[in-house]
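Here is a short tour for anyone who likes to read a model with the viewer open. Please keep the display at hand and follow along.

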Amino acid sequence: MQATDHTRTIAFDAFNRLSDKAAGERIVAARARLGKRAVLLCHHYQRADVYRHADLTGDSLKLARLASQSDAEFIVFCGVHFMAEVADILSRPEQIAILPDLAAGCSMADMANLAKVERCWRELGTVLNPDEEITPVTYINSAADLKAFCGEHGGIVCTSSNATTILDWAFAQRGKVLFFPDQHLGRWSGFKKGIPLDEMEIWNPDLEMGGLTPERIRKAKILLWAGHCSVHQMFQLNNIQRFRSEHPQGIVISHPECAFEVCHASDYVGSTEYILNTIKAGPPNTRWLVGTELNLVDRLAEEVKAEGKIVQFMATNICMCSTMQRIDPQHLAWTLENLAEGRVVNHISVPPHEARLAKVALQRMLDLS
Ligand code: 13P
Ligand code: SF4
């Protein structure tokens, strides 16, 4: 049962033709056959017709913890690739992490890779002694080999819910931080720690020396990798300004992957779990403008409307995490039926030497959060 058997798996083609409703019914039937052998973890951005099948939901930190605590034989991750990798790294060796569609990646995570980070480290080595002067911090939205890089070089992983705590730890180790791949989370967290904006420099991986002079590298407290989330960059300051002029009593809440000026103009900034909890705990009859992905916002708006709360999406255009949308009922039904038939598909398995070092960086984070 443990090995992936590509030759005998049920082909996806027939599932592709299923309606969402029919796929939903097949998911329910396959889950009944699997019982407690499979657990379905679901990120808050997942589409409604998949989310409703979740056993457990959360932001990326909560889901990482849940994966590490699960006893299930199969951890079926309805999220994106790096989340399933984390589940594989933190679960026991005999457990199997599965991503129902291998194309469900994270475009931000793809903005950094090991070759570019190693080159950055080498180039920084012409100005400083990186292993003594810089703590590498990777956002959990990154490939496992970048987490392993951090594990190997005295660094750590962070998520959107613990980045300021992680920065405290990072600066307690060494005087500077290299933060990748999300410049916005890094900048906002540095700002919250009181680091002046002119002591946070952008490292452009496509330019020699990141596009910086040795003086600017020496002066910087945080080097911010030039990466961003294509969904969260759609939220603009003028969306907030318009909302505030129309609804002076309204409350604005954003995810820290938004641009600095959006976070700065918001009343609250935090992870997806934080956004959900803050609005649910907020007073009745309040109006909220929310800067994060549309599936979460739509679901939340429905959930709290009975309390007279109005939840509005920040952008004027539709922006969803298109890669997470790839996990649809058809792929989930295909995955679960194969499992029920004793065949593992889309097994996410991080090579052991990488997993060991990545776990060092992840465990440092879990111990602090
Ligand atoms: P959370 O950790 O807040 O769930 O965010 C993950 C993510 O990818 C947001 O775009
Ligand atoms: Fe990645 Fe952005 Fe999607 Fe989050 S919303 S998973 S950062 S692409």
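The paragraphs below go through the two ligand sites, a sheet with its helices, and two backbone details. Bear in mind that this is a predicted model.

**Ligand 1**

Let us begin with the shell of ligand 1, whose members are His-43, Tyr-45, Asp-59, Ser-60, Tyr-139, Asn-141, Ser-160, His-232, His-255, Glu-257, Ser-271 and Thr-272. By class, this shell holds eight polar residues, two charged ones and two nonpolar ones. The table lists polar side-chain atoms that lie by an oxygen atom of the ligand.

| Residue | Ligand atom | Distance |
|---|---|---|
| Tyr-45 | oxygen of ligand 1 | 3.5 Å |
| Ser-160 | oxygen of ligand 1 | 2.9 Å |
| Glu-257 | oxygen of ligand 1 | 2.8 Å |

How much of ligand 1 does the protein bury? On its own, ligand 1 exposes 300 Å², and 95% of that is buried by the protein.

**Ligand 2**

Around ligand 2 you will find Tyr-45, Cys-106, Ser-107, Met-108, Asn-141, Cys-229, Val-231, Glu-257 and Cys-321. Here the division is six nonpolar, two polar and one charged. Tyr-45, Asn-141 and Glu-257 appear in the shell of ligand 1 and also in that of ligand 2.

**The sheet and its helices**

Next, turn to the open sheet, in which five strands with mixed pairing follow the order E2-E1-E3-E4-E14. Its edges are strand E2 (56-58) and strand E14 (347-348), each of which pairs on one side only. Strand E1 (residues 38-43) runs parallel to E2, and three bridges link the pair. Within this part of the sheet, His-43 is opposite Gly-58 of E2; His-43 also belongs to the shell of ligand 1.

Helix H4 (residues 60-69) packs on the sheet and touches E1, E2 and strand E3 (74-78), with its direction at about 145 degrees to that of E2. Helix H16 (residues 329-340) packs on the sheet too; it touches E1, E3 and strand E4 (96-98), and its direction makes about 175 degrees with that of E3.

**Two backbone details**

Most peptide bonds are trans, and most residues other than glycine have a negative phi. Which bond is cis, then, between Phe-180 and its partner? The cis peptide bond joins Phe-180 and Pro-181, with omega at about -5 degrees. Pro-181 sits in the loop between strand E7 (176-180) and helix H10 (183-192).

Met-209, although not a glycine, has a positive phi of about 50 degrees. You can find Met-209 in the loop that lies between strand E8 (200-203) and helix H11 (214-219).

Terms used
Residues numbered from 1 in each chain as written. Chains lettered and ligands numbered in written order. Predicted model: local features only at pLDDT ≥ 70, side-chain atom pairs only at ≥ 80, totals over all residues. Heavy atoms only, no water. Near = heavy atom within 4 Å. Polar contact = N/O pair within 3.5 Å; in protein donor to acceptor, adjacent residues only side chain to side chain. Areas by Shrake-Rupley, 256 points an atom, 1.4 Å probe, with all protein chains shown as cover. Nonpolar A, V, L, I, M, F, W, Y, C, P; charged D, E, K, R; others polar. Pairing = 2+ DSSP bridges. Helix = DSSP H or I, 4+ residues; strand = E, 2+ residues; numbered from the N terminus. Contact = heavy atoms within 4.5 Å. Axes fitted to C-alpha atoms, helices over the stretch in contact; angles between N-to-C directions.
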